[in-house]
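Open your viewer and keep the selection box handy. We will go from stop to stop, and at each one you will hear what to select and what is there.

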Amino acid sequence: MKALVYEGPRTVAVRDVPRPKTKGVRLRLHYCGVCGTDIGIYAGSHPRAQAPLILGHEFIGEVIEDHAGFTKGQRVTAFPLISCGACHPCRTGSPHVCANLRLLGIDCDGGMAEEITVAPELLVPVPDHVPDELAALIEPVAVCLRVADRAGVTMGDTCVVTGAGPIGLITALMLRHAGAGRILISDIAPGRLRLAEELGFEPVNARAETLAAAVAAATDGDGADVLVECSGAAPAALEMTRLVRTGGTICLASLFKAPTPVALLDMSFKELRLVGSRVYTREEFRRATALVAQLETPLAKLITRIVPLSAAGDVFELATDPEAGMVKVLVDCRG
């Protein structure tokens, strides 16, 4: 079968590989999303991913043959988290932050291929009314639903999202769904800012104006109720404490891989609440599966390119090219 294989830093190729023979439910894959984590693996910066590896953990497929309660032709996605079951988080009800957490497409082969075999306990049925392309967004929607839950948004809150990539834009949708009022979203990419405005958010071009001034104008100088950091940029981390009101909340959706300066004096003087967010619970994944149908129109706008598997060797260059203006790129695995 064909698969997109990570072969080393900045090296991927579409290869003929053996069909998976591990135990589980065999799937014929339809679509797989390109995630920021996949881009990090491609760049050679992920600490666990080892070549050769079939990438991809945001996928939708159909069951090839009846197995373990799943029927031939049934469409499914995968809850891609593999927890150890023995560490303290697993023993105390938080297996999504397992101390030994592994993921499909990172620690073992993933979904940028024609087929995959997945343990039945990881499979989640896709509702009939959810289009294939949107089903490939269930996993990132779950990520952002977790962020909104952790941020504790209340009705009418003014929110700021730094970074208008896929996670930033989906997070803004989740914040609005949770009841947020005004939502400002900053970036430097004109195409992403235009999309943010089209989706009903207030775009702030960080190259043309200061985010601090925009937030002050929107809140009469008080600051935002909630800020979600989605850019992963060190300057955003340093500025974020200035942008929220006294007693406000900052939620880290991005993953800073190196120590990053934060204005801790603001944390104390303004009694701010700083929370992290990592992946999602099974319940949030279930809710995300239902939400993609409710938010079909705005989510569909995020899919800016679908690339056939046969031409996916350049998909990471496309996804990271600032001139291409990509938001969410899917790989069509159907051959």
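Our first stop is the second largest pocket, which encloses about 550 Å³ of space. Keep in mind throughout that this is a predicted model. To find the middle of this pocket, select Ile-82, Leu-104, Cys-108, Thr-117 and Leu-122, the residues nearest its centre among the 30 that line it. Now colour the lining by residue class: 18 of its residues are nonpolar, 8 are polar and 4 are charged. Next, show the strands β4 (53–54), β7 (81–82) and β9 (115–118), each of which supplies at least two residues of the lining. Which strand gives the most to this lining? That is β9, with 4 residues.

**Helix α1 and its surroundings**

Select residues 36–43, which make up helix α1. Here Asp-38, Gly-40, Ile-41 and Tyr-42 are buried. To see what the buried residues of α1 pack against, add β1 (2–8), β2 (11–16), β3 (25–33) and α12 (315–320) to the view. Step just past the end of the helix to Gly-44, where phi is positive at about 85 degrees.

Stay in this part of the chain and move into the loop between α1 and β4, where you will find Pro-52. Check the peptide bond leading from Ala-51 into Pro-52: it is cis, with omega near -5 degrees.

**Aromatic pairs**

Now show the aromatic side chains; the structure holds 4 aromatic pairs. Begin with Tyr-42 and Phe-316, whose ring centres are 5.1 Å apart and whose planes meet at 20 degrees, so this pair is stacked. Because Tyr-42 sits in helix α1 and Phe-316 in helix α12, the pair ties together parts that are 274 residues apart in sequence. Are these two residues buried or exposed? Both Tyr-42 and Phe-316 are buried.

Next, select Phe-79 and Phe-285, an edge-to-face pair with 5.5 Å between the centres and 85 degrees between the planes. Phe-79 is in the loop between β6 (75–78) and β7, and Phe-285 is in helix α10 (residues 282–294), so this pair joins parts that are 206 residues apart in sequence. Phe-79 counts as buried at 6% relative accessibility, and Phe-285 does as well, at 1%. Add Tyr-280 to your selection, and you have a cluster of Phe-79, Tyr-280 and Phe-285 linked by ring pairs.

**Cysteines**

Show the cysteine sulfurs next. How many disulfides does the structure hold? The count is 0. Look at Cys-90: its closest cysteine sulfur, in Cys-87, is 3.6 Å away, which is too far for a bond. Cys-90 is buried, at 15% relative accessibility. Then go to Cys-98, which is in no disulfide, with the sulfur of Cys-84 as the nearest cysteine sulfur at 3.6 Å. Cys-98 is buried too, with a relative accessible area of 2%.

**Two residues with positive phi**

For the last stops, select Asp-220, in the loop between α7 (211–218) and β14 (224–229). Although Asp-220 is not a glycine, its phi is positive, at about 55 degrees. With a relative accessible area of 74%, Asp-220 is exposed.

Finish at Val-279, in the loop between β16 (273–276) and α10. Val-279 is not a glycine either, yet it has a positive phi of about 45 degrees. Is Val-279 buried or exposed? At 17% relative accessibility, Val-279 counts as buried.

Terms used
Residues are numbered from 1 along each chain as its sequence is written. This is a predicted model: local features need pLDDT of at least 70, side-chain atom pairs count only at pLDDT 80 or more; totals for chains, interfaces and linings use all residues. Side-chain values use heavy atoms; hydrogens and water are left out. Buried means under 20% relative accessible area, exposed over 50%, partly exposed in between (1.4 Å probe, protein chains only). Contact means heavy atoms within 4.5 Å. On a 1 Å grid over the protein atoms alone, a cavity is a set of points where a 1.4 Å probe fits but cannot get out, and a pocket is an open set with protein on both sides within 12 Å along at least five of seven lines; lining residues have an atom within 4 Å of a point. Grid points are joined across faces, edges and corners, and a volume is the space filled by probe spheres set on the points. Ala, Val, Leu, Ile, Met, Phe, Trp, Tyr, Cys and Pro count as nonpolar, Asp, Glu, Lys and Arg as charged, and the others, Gly among them, as polar. Rings of Phe, Tyr and Trp (its six-membered ring) pair if their centres lie within 6.5 Å; planes under 30 degrees apart count as stacked, over 60 as edge-to-face and the rest as tilted. A disulfide is a pair of cysteine sulfur atoms within 2.5 Å.
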